[in-house]
Amino acid sequence: MNRSGIVAGMVTASLALCCMNVAADPGYYVVSVYDDPGVKTVDFRYWTVQMPGSSAVKWPELGVGWNVNGRWYTELFASYIGSSEFPTQLSTLNWQNDFLLTQGQYPFDFAIHTLLVRPQNPAAGYALEFGPVFQTDVGRTQLIGNLVFERGFGALAGDPTQLKYQWQVRHRWKPWLHFGAQGFGELGPWDHWSPRDEQSHRAGPALFGTVRLSQGAIAWQVAYLTGSIYAQHGNMFSMRVKYDF
């Protein structure tokens, strides 16, 4: 089972997640890149998947990040999983690296996103996400469009490379409140997409904000998405709070 397909298996199999040989959990947050050299981050994330007739699956995540320079951001975070049917437990350890390749010389910013995912049980296989990040501004509105390729290793080496996408629209109204929308999807193997009714496409509203402190800042975001999750209707809620200093 590839990393993307884990979500469907987790939810539809009555959340018997602790017994599955999962390579990773998908962590649905739109990747964005900024030129903030030296800034460090404490990052808390929380997201859920809810399908009809099933209990919600919850993924709390906690990490620390560092903008090494104006082009490289790196973060280590742990992803946990739980529900009302079993206790929260460690699921994966993750290492994210994003590389900003342009810095204003074009109408858009371009970066490469990578994420290495190690499950609690390494015998289940590893996963690597990688892909381009496109980001631009139209007036006070930020537009992001990303493609994410997902490749399995170890026990997952025989699975085809999967293709996913993310997009985001974010309008900067006030420093403490931005509003917009997000969308995510899983298309199947990158070179031979799954039939339309087996793909996943979700979208919904999102809110963002930043609170400046005497030292650093707290940035937050919440989103509620609805649509299809591997041929089934489902809803997703995500929240992120990070302290930059």
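This passage describes the strand arrangement and the aromatic side chains of a predicted model.

The strands offer a convenient place to start. Twelve of them form a closed barrel, in the order S1-S2-S3-S4-S5-S6-S7-S8-S9-S10-S11-S12, and the pairing is antiparallel. From one strand to the next, the twist averages 20 degrees. As a general reminder, strands of a sheet pair through backbone hydrogen bonds, in either a parallel or an antiparallel manner. For a closer look at one such pairing, strand S1 covers residues 40-50 and strand S2 covers residues 57-67; the two run antiparallel and are joined by ten bridges. Within this pairing, lysine 40 has tryptophan 66 of S2 as its bridge partner.

Turning to the aromatic side chains, a search of the whole structure found nine aromatic pairs. One of these brings together tyrosine 243 and phenylalanine 245: the ring centres are 5.2 Å apart and the planes meet at 20 degrees, so the pair counts as stacked, given that stacking calls for planes under 30 degrees apart. Both partners can be placed relative to the surface as well. Tyrosine 243 is partly exposed, its relative accessible area being 28%, and phenylalanine 245 is also partly exposed, with a value of 44%. Elsewhere, ring pairs connect Tyr106, Phe108, Phe110 and Phe134 into a cluster.

Charged side chains also meet aromatic rings in this model. Arginine 45 sits over the face of tyrosine 29, at 5.4 Å from the ring centre. A similar placement is seen for lysine 174, which lies over the face of tryptophan 173 at 5.6 Å from the ring centre.

Notes. Residues numbered from 1 in each chain as written. Predicted model: local features only at pLDDT ≥ 70, side-chain atom pairs only at ≥ 80, totals over all residues. Heavy atoms only, no water. Phe/Tyr/Trp six-rings, centres within 6.5 Å; stacked < 30°, edge-to-face > 60°. Buried < 20%, exposed > 50% of the residue type's maximum accessible area, 1.4 Å probe, protein only. Lys NZ or Arg CZ within 6 Å of the ring centre and 35° of its normal. Pairing = 2+ DSSP bridges. Helix = DSSP H or I, 4+ residues; strand = E, 2+ residues; numbered from the N terminus. Axes fitted to C-alpha atoms, helices over the stretch in contact; angles between N-to-C directions.
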